[in-house]
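Colleague: I am new to this structure, and I would like to go through a few of its residues with you, one question at a time.

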Amino acid sequence: MHSLISSKLRGAVLLLLCFGILASPVLAETGTGLTPFAASYTAAMEKGVSLNGTAKRTLTSQGNDIWLYRTDVKSFIANIDESLILRWESGRVVPMKYRYHLSGFLIKDRKHSIDFDWSAGVATGEYKGKAFEVELEDGVLDPLGYQLQLHQDIRGGKRDMTYQVIDGRSIDEETFAVINGEQISTGGERTGTLKAEKVRQDSKRQTLMWFSPEQDFLLVRLLQVEPDGSTYELKLKSVDFGS
């Protein structure tokens with residue numbers, strides 16, 4: 001019984017982490033390129049079991065093309081507090097300061113921080129209690145900023161995308177591809193979507209995403225299928241776009 005509960009807890013945490021990885025809306029472009037918003041999602045495990053939590057993603061302007069991008073997940077299992085201060089420059093995310101904190105029931109706290117010094121060409125931070133420093137190349141992103149860039153690129157018509165992302169103490173590649181269009185039901189209504197997939201090599205884990213062109217390419221559904229066949233799902237509950 002203990003092992004079954006532990007497995008379910010790990011699965012639930014994985015779903016919450018999926019939200020942190022992928023659940024970010026694409027934003028309507030204005031004269032400055034971005035629009036403030038707040039979106040909330042429901043989360044469920046296989047067989048539709050609710051996590052009884054809330055997942056919220058927000059973007060707020062700080063003035064002078066500086067933005068605060070946040071993820072807040074609250075549940076009886078885990079809490080996630082993730083944020084990025086970024087500069088929006090010529091249609092690109094330029095990360096400045098990234099912070100991440102995972103905590104919760106039967107979960108070891110996880111923290112990750114990155115500070116970007118573009119003038120010196122280095123990023124410094126802390127991961128799993130150890131300090132690190134990596135050299136920056138043009139276009140390198142953080143674990144939250146690349147999500148915003150991904151959705152803006154899909155909105156702009158791109159269908160195959162690869163990003164260089166600081167992950168832990170190294171720089172990894174994250175690849176995504178739009179694979180087809182599909183009609184799905186959201187809020188009791190049928191809507192057309194673009195279906196995308198996170199591209200993985202030699203992995204049986206599958207992550208699928210559905211974006212709604214009718215809602216500024218908002219992510220309306222995320223489904224993750226684990227190698228053992230278990231599934232975890234996020235669905236859009238509500239969204240408010242700023243003016």
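Colleague: Which side chain does a polar contact of 2.9 Å join to that of Gln224?

Modeller: Please keep in mind throughout that this is a predicted model. Gln224 lies in strand 13, and its side chain takes part in a polar contact with the side chain of Thr207 at 2.5 Å. The polar contact of 2.9 Å joins Gln224 to another side chain, that of Glu226.

Colleague: Is Gln224 buried or exposed?

Modeller: Buried means under 20% relative accessible area. Because the relative accessibility of Gln224 is 3%, this residue counts as buried.

Colleague: Where is Ser230 found, and with which side chain does the side chain of Ser230 make a polar contact?

Modeller: Ser230 is found in the loop between strand 13, residues 218-225, and strand 14, residues 231-241. With a relative accessible area of 5%, Ser230 is buried. At a distance of 2.6 Å, its side chain makes a polar contact with the side chain of Asp228.

Colleague: What is the nearest side chain of opposite charge to Asp142, and how far away is it?

Modeller: Asp142 is found in the loop between strand 8 and helix 2, which spans 145-155. This residue is buried yet has no salt bridge, and a salt bridge would need a side-chain nitrogen of Lys or Arg within 4 Å of a carboxyl oxygen. The nearest side chain of opposite charge is that of Arg57, at 9.4 Å.

Colleague: Which backbone nitrogens does the side chain of Asp142 reach at 2.8 Å?

Modeller: Setting aside residues up to four places away in sequence, Asp142 touches Leu84, Pro95, Tyr98, Ile114, Phe116 and Val165. Its side chain also reaches two backbone nitrogens, each at 2.8 Å, and they belong to Leu144 and Gly145.

Colleague: How many bridges join strand 7 to strand 8, and which residue of their hairpin takes a positive phi?

Modeller: Strand 7, residues 122-127, and strand 8, residues 130-135, run antiparallel and are joined by 6 bridges. Within this pairing, Thr124 stands opposite Glu133 in strand 8. The hairpin has 2 residues between the strands, and the residue with a positive phi, near 55°, is Lys128.

Colleague: Which residues touch the most other members of the largest nonpolar core, and which strand gives the largest share of this core?

Modeller: In soluble globular proteins, nonpolar side chains tend to be buried together. The largest nonpolar core here has 49 residues, and those touching the most other members are Tyr69, Leu86, Ile154, Tyr163 and Ile166. The largest share of this core, 5 residues, comes from strand 4, residues 78-89.

Colleague: Which residues are included in the second, separate core?

Modeller: Ile166 belongs to the largest core, and its contacts, not counting residues up to four places away in sequence, include His112, Phe132, Leu141 and Ile171. The second core is separate and has 5 residues, including Ile184, Trp210, Val220 and Leu223.

Colleague: What separation do the C-alpha atoms of Arg87 and Asp65 have, and which side chain does a polar contact of 3.0 Å join to that of Arg87?

Modeller: Arg87 lies in strand 4 and is partly exposed, with a relative accessible area of 27%. Among the residues that Arg87 touches, leaving out those up to four places away in sequence, are Asp65, Ile66 and Arg92. Although Arg87 and Asp65 are 22 residues apart along the chain, their C-alpha atoms are separated by 5.8 Å. The side chain that the polar contact of 3.0 Å joins to that of Arg87 is the side chain of Glu89.

Methods
Residues are numbered from 1 along each chain as its sequence is written. This is a predicted model: local features need pLDDT of at least 70, side-chain atom pairs count only at pLDDT 80 or more; totals for chains, interfaces and linings use all residues. Side-chain values use heavy atoms; hydrogens and water are left out. Two strands pair if DSSP finds at least two bridges between them. Helices (H or I, at least four residues) and strands (E, at least two) are DSSP runs, numbered from the N terminus. Buried means under 20% relative accessible area, exposed over 50%, partly exposed in between (1.4 Å probe, protein chains only). A polar contact is a pair of N or O atoms within 3.5 Å; within protein, one must be able to donate a hydrogen and the other to accept it, and residues adjacent in sequence count only if both atoms are side-chain atoms. A nonpolar core is a set of buried Ala, Val, Leu, Ile, Met, Phe, Trp, Tyr and Cys residues joined through side-chain atoms within 4.5 Å. Contact means heavy atoms within 4.5 Å. Lys and Arg count as positive and Asp and Glu as negative; His and the chain ends are not counted.
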